[in-house]
Amino acid sequence: MTDEFYMQHALREAQKAFGEGEIPVGAVVVLNGKIIARGHNQVERLNDPTAHAEIIALTSAFNFLGAKYLPEGTLYVTVEPCLMCTGALYWSKITKVVWGADDEKNGHKRITGENWPFHPKTTIVKGVLKEECASLMKSFFRDKR
């Protein structure tokens, strides 16, 4: 399976968030070629500013595995993780993080600049289905205005 294949699944999660009036970010966690967890933003639904797609997907993966680390896992997320989510990814020891659209306003790079906020063994892939991911976000905020 390709990064694009898994990002399509993350986009489906983002579309669920969009349909629920949440900022449309979706995520999936993959281990050994299999999706083991999914998540989409639920900040409004849960009245919880930490209920980001990445956090929900990570928590689901930890529960599924009965473990607190994902050293062989990959997270696919439609938008660049914020600093909070980057911290959670750091502590999860996840192997790879793949995102679609950059988030210049709230993404981790806004605060960390070029400093590496991920675990030293984590690799990053950016821009997978970038246009599709960005389009969903733009559509959401256009509708809000």
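This is a guided tour of a predicted model, moving from a central strand to its neighbours, then to two salt bridges and finally to a helix near the end of the route.

**Stop 1: strand S3**

Begin by selecting residues 73-79, which form strand S3. Seven of the seven residues of S3 are buried, so the strand is largely enclosed by the rest of the structure. Add residues 26-31, strand S1, and you will see the two strands running antiparallel, joined by five bridges; to check the register, display Val 28 together with Tyr 76, its bridge partner in S3.

Now bring in residues 96-101, strand S4. Here the pairing with S3 is in the parallel sense, again over five bridges, and Leu 75 can be picked out opposite Val 97 of S4. To follow the connection between these two parallel strands, select residues 83-92, helix H4, which together with S3 and S4 makes a right-handed β-α-β unit.

**Stop 2: the salt bridges**

The structure holds two salt bridges, and one of them can be reached directly from S4. Show the side chains of Lys 96 and Asp 3, which meet at 3.3 Å, N to O. Because Lys 96 lies in strand S4 and Asp 3 in helix H1, this pair ties together parts of the chain that are 93 residues apart in sequence. Lys 96 counts as partly exposed, at 21% relative accessibility, whereas Asp 3 is buried, with a relative accessible area of 19%; the cut-off for buried is under 20%, so the two values fall on either side of it.

Continue along helix H1, residues 3-19, and display Lys 16 and Glu 13, whose side chains meet in a salt bridge at 3.0 Å, N to O. These two residues are three apart in H1 and are therefore separated by about one helical turn. Lys 16 is partly exposed, with a relative accessible area of 42%, while Glu 13 counts as buried at 4% relative accessibility.

**Stop 3: Leu 129**

With H1 still displayed, select Leu 129, which sits in the loop between strand S5 (123-126) and helix H6. Is Leu 129 buried or exposed? With a relative accessible area of 15%, Leu 129 is buried. Leaving aside residues up to four places away in sequence, Leu 129 touches Glu 4, Met 7, Gln 8 and Leu 11. Measure from C-alpha to C-alpha in the viewer and you should find Leu 129 and Gln 8 at 8.0 Å, although they are 121 residues apart in sequence.

**Stop 4: helix H6**

Move on to residues 130-144, helix H6, whose 15 residues should span 21 Å at 1.5 Å a residue; the end C-alpha atoms are 22 Å apart, which agrees. Colour Cys 133, Ala 134, Leu 136, Met 137 and Phe 140, which are buried. They cover an arc of only 155° around the axis, which puts them on the same side of H6. These buried residues pack against helix H1 and strands S3 and S4, elements already visited on this tour. Turn to the other side of H6 to find Glu 131, Lys 138, Arg 142 and Asp 143, which are exposed.

Finish at Glu 132, also in helix H6, which counts as partly exposed at 40% relative accessibility. For a last distance, select Gln 42 as well: its C-alpha atom is separated from that of Glu 132 by 21 Å, the two residues being 90 apart along the chain.

Terms used
Residues are numbered from 1 along each chain as its sequence is written. This is a predicted model: local features need pLDDT of at least 70, side-chain atom pairs count only at pLDDT 80 or more; totals for chains, interfaces and linings use all residues. Side-chain values use heavy atoms; hydrogens and water are left out. Helices (H or I, at least four residues) and strands (E, at least two) are DSSP runs, numbered from the N terminus. The expected span of a helix is 1.5 Å times one less than its number of residues. Buried means under 20% relative accessible area, exposed over 50%, partly exposed in between (1.4 Å probe, protein chains only). The arc is that of the directions from the helix axis to the C-beta atoms. Contact means heavy atoms within 4.5 Å. Two strands pair if DSSP finds at least two bridges between them. A crossover is right-handed if, with the strands pointing away from the viewer, the path from the first strand over the helix to the second runs clockwise. A salt bridge is a side-chain nitrogen of Lys or Arg within 4 Å of a carboxyl oxygen of Asp or Glu.
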